[in-house]
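Biologist: I would like to go through this model by question and answer. Please start with the terms.

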Amino acid sequence: MSDVSFDQKPQKAKAGPPLLACYDSLEGSYAHAWDMLVRGAKQARAPFHTPSVATIVMQDGIAQPDIRTVVLRGCDREAQSLRFNTDTRSHKIQQIADNPQAAMHFYDAQAKLQLRLSVTLSVLDGAAREAAWAATRPMSRECYQVVQSPGTPLAAPSDVAFDAAATHDGEDYFTSVSAQVRSIEWLYLAAKGHRRALFDLQTDTHQWLVP
Ligand SMILES: Cc1cc2nc3c(=O)[nH]c(=O)nc-3n(C[C@H](O)[C@H](O)[C@H](O)COP(=O)(O)O)c2cc1C
């Protein structure tokens, strides 16, 4: 059974992760959120390294959510933006073109900390895309050397084909997506009492909320 409880009432102290120093500090929580995002982009083992990105897809005139895991590749605290890499042929690229408003979800299971971000996505091109490509490792480049578009139906899984030469090492289908953060919703579960806050980056408003 999970030891994560969402009981609203403060519980008796029990063994668990130490309380975050920013527990009762709105500004401390905001700073901690960015610290975690910066670390997520830098460290493969960091809890925020693999967020979920949710976009909207139109199916028969009905807006449906679509969601997937990505690797966080960049976090620019000053610019309030994040970045992940992807294939230009992947479904999310058309979804971003149709509607750039998206959400990102981060969860640190040990700390019991969830961040929900409202973001505006944009597909990088020119020098920004080239810089992102230059920062990729050979192993990551292989993903973009696939000949068929991601999501193409296959008769057999072994039918998937890779061609480094035909795809210029994968660069032909590589791109990077920037996520401009509009708001961050913070939720920290603690036995002493949960803490929830909304940081609106557009109005520069920081506010505690009922968990
Ligand atoms: C751990 C993990 C990391 C992933 N990282 C990425 C990534 O950085 N970029 C990406 O496009 N897809 C990544 N994927 C695959 C996506 O989750 C998704 O399956 C793929 O991008 C196709 O999504 P789409 O059809 O919505 O475009 C990752 C999947 C996992 C499980």
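Modeller: A residue is buried if 20 or more other C-beta atoms lie within 10 Å of its own, exposed if 12 or fewer, and partly exposed in between, with C-beta atoms placed from the backbone. Helices (H or I, at least four residues) and strands (E, at least two) are DSSP runs, numbered from the N terminus. The model is predicted: local features need pLDDT of at least 70, side-chain atom pairs count only at pLDDT 80 or more, and totals for chains, interfaces and linings use all residues. Numbering of residues starts from 1 along each chain as its sequence is written.

Biologist: How many helices and strands does the protein have?

Modeller: Along the sequence the pattern reads α-β-β-β-β-α-β-β-α-α-β-β-β. The C-alpha trace spans about 60 × 40 × 40 Å along its principal axes. The secondary structure comes to four helices and nine strands.

Biologist: What share of the contacts with a separation of 6 or more joins residues 24 or more positions apart?

Modeller: Two residues are in contact if their C-beta atoms, placed from the backbone, lie within 7 Å. The protein has 211 residues, and buried ones make up 21% of them. Among contacts with a separation of 6 or more, the share from residues 24 or more positions apart is 58%.

Biologist: How far does helix α1 reach from its first C-alpha to its last?

Modeller: Helix α1 covers residues 26–42, which is 17 residues. The expected span, 1.5 Å times one less than the number of residues, is 24 Å. The reach in the model is close to that, at 25 Å.

Biologist: Why do the buried residues of α1 lie on the same side of the helix?

Modeller: An α-helix has 3.6 residues a turn, so residues three or four places apart point the same way. In α1 the buried residues are S29, H32, A33, L37 and G40. They lie on the same side because the arc they cover around the axis, taken from the directions to their C-beta atoms, is only 140°.

Biologist: Which strands do the buried residues of α1 pack against?

Modeller: The partners of these residues are spread over several strands of the chain. They are β3 (74–76), β4 (81–87), β5 (101–108), β6 (113–123), β7 (174–188) and β8 (195–200).

Biologist: Which element supplies the largest share of the largest nonpolar core?

Modeller: A nonpolar core is a set of buried Ala, Val, Leu, Ile, Met, Phe, Trp, Tyr and Cys residues joined through C-beta atoms within 7 Å. Of the 26 residues in the largest one, M104, L117, V119, A179, I184 and W186 touch the most other members. At least two residues each come from α1, β4, β5, β6, β7 and β8. The largest share, six residues, is that of β7.

Biologist: Which residues does I184 touch, leaving out those up to four places away in sequence?

Modeller: I184 is one of the core residues that touch the most other members. Beyond four places in sequence, I184 touches A33, L115, L117 and F199.

Biologist: Which residues come nearest to the ligand?

Modeller: The shell has 15 residues, each with its C-beta atom, placed from the backbone, within 6 Å of the ligand. β2 (62–69), β4 and α2 (91–98) each supply at least two of them, and the largest share, four residues, is from β4. Counting Ala, Val, Leu, Ile, Met, Phe, Trp, Tyr, Cys and Pro as nonpolar, Asp, Glu, Lys and Arg as charged, and the others, Gly among them, as polar, the shell divides into four nonpolar, seven polar and four charged residues. Those nearest are R68, T86, S90, H91 and K92.

Biologist: How far apart in space are H91 and A33?

Modeller: H91 is in helix α2 and is partly exposed, with 16 other C-beta atoms within 10 Å. H91 and A33 are 58 residues apart in sequence. From C-alpha to C-alpha the separation is 29 Å.

Biologist: What is the C-alpha distance between R129 and T175?

Modeller: R129 sits in helix α3 (residues 126–134). Beyond four places in sequence, R129 is in contact with L124, T175 and S176. R129 and T175 are 46 residues apart in sequence, and their C-alpha distance is 6.0 Å.

Biologist: Is D60 buried or exposed?

Modeller: D60 lies in the loop between β1 (52–59) and β2. D60 has a positive phi of about 55° although it is not a glycine. Because D60 has 5 C-beta neighbours inside 10 Å, it counts as exposed.
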